[in-house]
Amino acid sequence: MTGKVNIDTTRLFSEGASYIISEILSELQRPDFPSSWEFAPDIPKVAWKTGTSYGRKDAWSVGYNPDYTVGVWTGNFSGESSPDLVGAEASAPLLFEIFEAIGNGQSAGWFSQPEDVATRSVCALSGQPPNSDCPVTVTELYLPGVSPVAPCTIHKMILVDSTSGYRLCRFCSAGKKVIERVYEDWPPKLATYFAQSGKLAMAIPEHNPDCTGTYAGEGPVIVSPNDDAVYVLRAHIPSSDQEIALEASAAAGAHELFWFIDGELFKRAKPGEKVFYAPEAGIHKLTCSDEEGRSSSLTLRVE
Ligand SMILES: [Zn+2]
Ligand SMILES: [Zn+2]
């Protein structure tokens with residue numbers, strides 16, 4: 001069908017946000033780029049996204065340029081699944097072929113950059129504006145006045161004792177041979193995940209055990225139980241069968257966590273390790289602390 005159709009439209013995203021998303025969706029360095037197109041010399045500029053349904057029953061891709069929007073669905077009309085039904089491999093190549101065919105090999109041009117879009121330098125790892133320790137920066141589009149301006153929170157300069165390898169702070173660095181090194185300091189939940197999956201490039205070293213100062217920084221984060229949940233004990237079932245899992249993530253460098261219940265040490269655990277607690281009815285104060293003395297607490301209600 002050709003010609004323009006009049007449709008009532010409602011704008012959902014600003015012009016600037018739409019432009020930036022279109023730029024991101026037209027990048028070729030991405031996991032859903034079809035392998036059959038990897039060496040194609042002239043790929044038409046298209047913003048596109050693929051999808052694969054649960055159980056591989058559908059593989060789709062939708063793409064657009066200033067002139068056309070194309071959707072491709074591949075699948076069996078019977079709904080039967082197939083291991084080949086992956087959006088990136090089954091439908092994206094068709095999408096690209098269609099754009100090549102309708103464009104007659106001509107570039108359709110591209111959207112012009114709106115005035116509310118500007119470029120800035122950001123940390124290549126966090127995507128946040130760089131701090132003075134970020135090792136690699138890249139240039140990215142952003143929306144002045146809208147995009148976050150907080151500098152990178154991942155890269156941190158840390159003082160390390162060149163003899164022992166321990167991390168030092170202002171309380172314990174005096175008189176020691178100190179080297180400055182930039183580490184990736186991920187939030188506790190991510191640090192635990194990266195350490196468990198072997199993706200942490202360089203773990204922040206343990207703090208000098210002889211340090212007498214209180215080390216400030218992010219403490220453990222209680223992942224389970226939930227702060228706002230109320231646990232209800234079921235009658236006639238032994239409390240040992242109604243245990244609650246206690247689990248916390250810790251900042252990189254923390255090796256051991258200490259669980260306290262109502263102020264008394266209950267158990268020691270590794271970051272990310274679950275320990276089980278058979279609660280009694282009532283209100284309990286649950287505290288998780290690391291070896292640096294950093295802690296977080298929550299109130300546990302059991303009825
Ligand atoms: Zn950074
Ligand atoms: Zn210290």
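In this predicted model, a nonpolar patch on the surface is made up of Trp60, Val62, Trp73 and Phe77. Together these four side chains present about 470 Å² of accessible area. Phe77 sits in the loop that runs between strand 3 (69-75) and helix 2 (87-103). Because its relative accessibility is 83%, Phe77 counts as exposed.

The domain assignment divides the chain into domain 1 (15-103) and domain 2 (221-302). Between the C-alpha centres of domain 1 and domain 2 the distance is 46 Å.

Salt bridges are the next topic. The count for the model comes to five. Three of them are listed here, with the distance between the N and O atoms.

| Basic residue | Acidic residue | N to O distance |
|---|---|---|
| Lys45 | Glu23 | 3.2 Å |
| Lys156 | Asp185 | 2.9 Å |
| Arg268 | Glu256 | 3.3 Å |

In the salt bridge between Lys45 and Glu23, the closest N and O atoms are 3.2 Å apart. This pair joins distant parts of the chain, 22 residues apart: Glu23 belongs to helix 1 (15-25), while Lys45 is in the loop between helix 1 and strand 1 (47-52). Glu23 has a relative accessibility of 19% and therefore counts as buried, the cut-off for that class being under 20%. Lys45, at 40% relative accessibility, counts as partly exposed.

A salt bridge also connects the side chains of Asp185 and Lys156, at 2.9 Å from N to O. Here the two residues are 29 residues apart and again link distant parts of the chain: Lys156 is part of strand 6 (residues 155-161), and Asp185 lies in the loop between strand 8 (178-184) and helix 3 (188-196). With a relative accessibility of 17%, Asp185 counts as buried. Lys156 is partly exposed, because its relative accessible area is 35%.

Arg268 pairs with Glu256 in a salt bridge whose closest N and O atoms are 3.3 Å apart. The two residues are twelve residues apart and link distant parts of the chain, with Arg268 in strand 13 (residues 264-269) and Glu256 in the loop between strand 11 (244-249) and strand 12 (257-261). Glu256 has a relative accessible area of 24%, so this residue is partly exposed.

Note on methods: Residues numbered from 1 in each chain as written. Chains lettered and ligands numbered in written order. Predicted model: local features only at pLDDT ≥ 70, side-chain atom pairs only at ≥ 80, totals over all residues. Heavy atoms only, no water. Patch = residues over 30% accessible without salt bridge, like charges linked within 9 Å, V, L, I, M, F, W, Y side chains within 5 Å. Areas by Shrake-Rupley, 256 points an atom, 1.4 Å probe, with all protein chains shown as cover. Helix = DSSP H or I, 4+ residues; strand = E, 2+ residues; numbered from the N terminus. Buried < 20%, exposed > 50% of the residue type's maximum accessible area, 1.4 Å probe, protein only. Domains from an automatic or database assignment.
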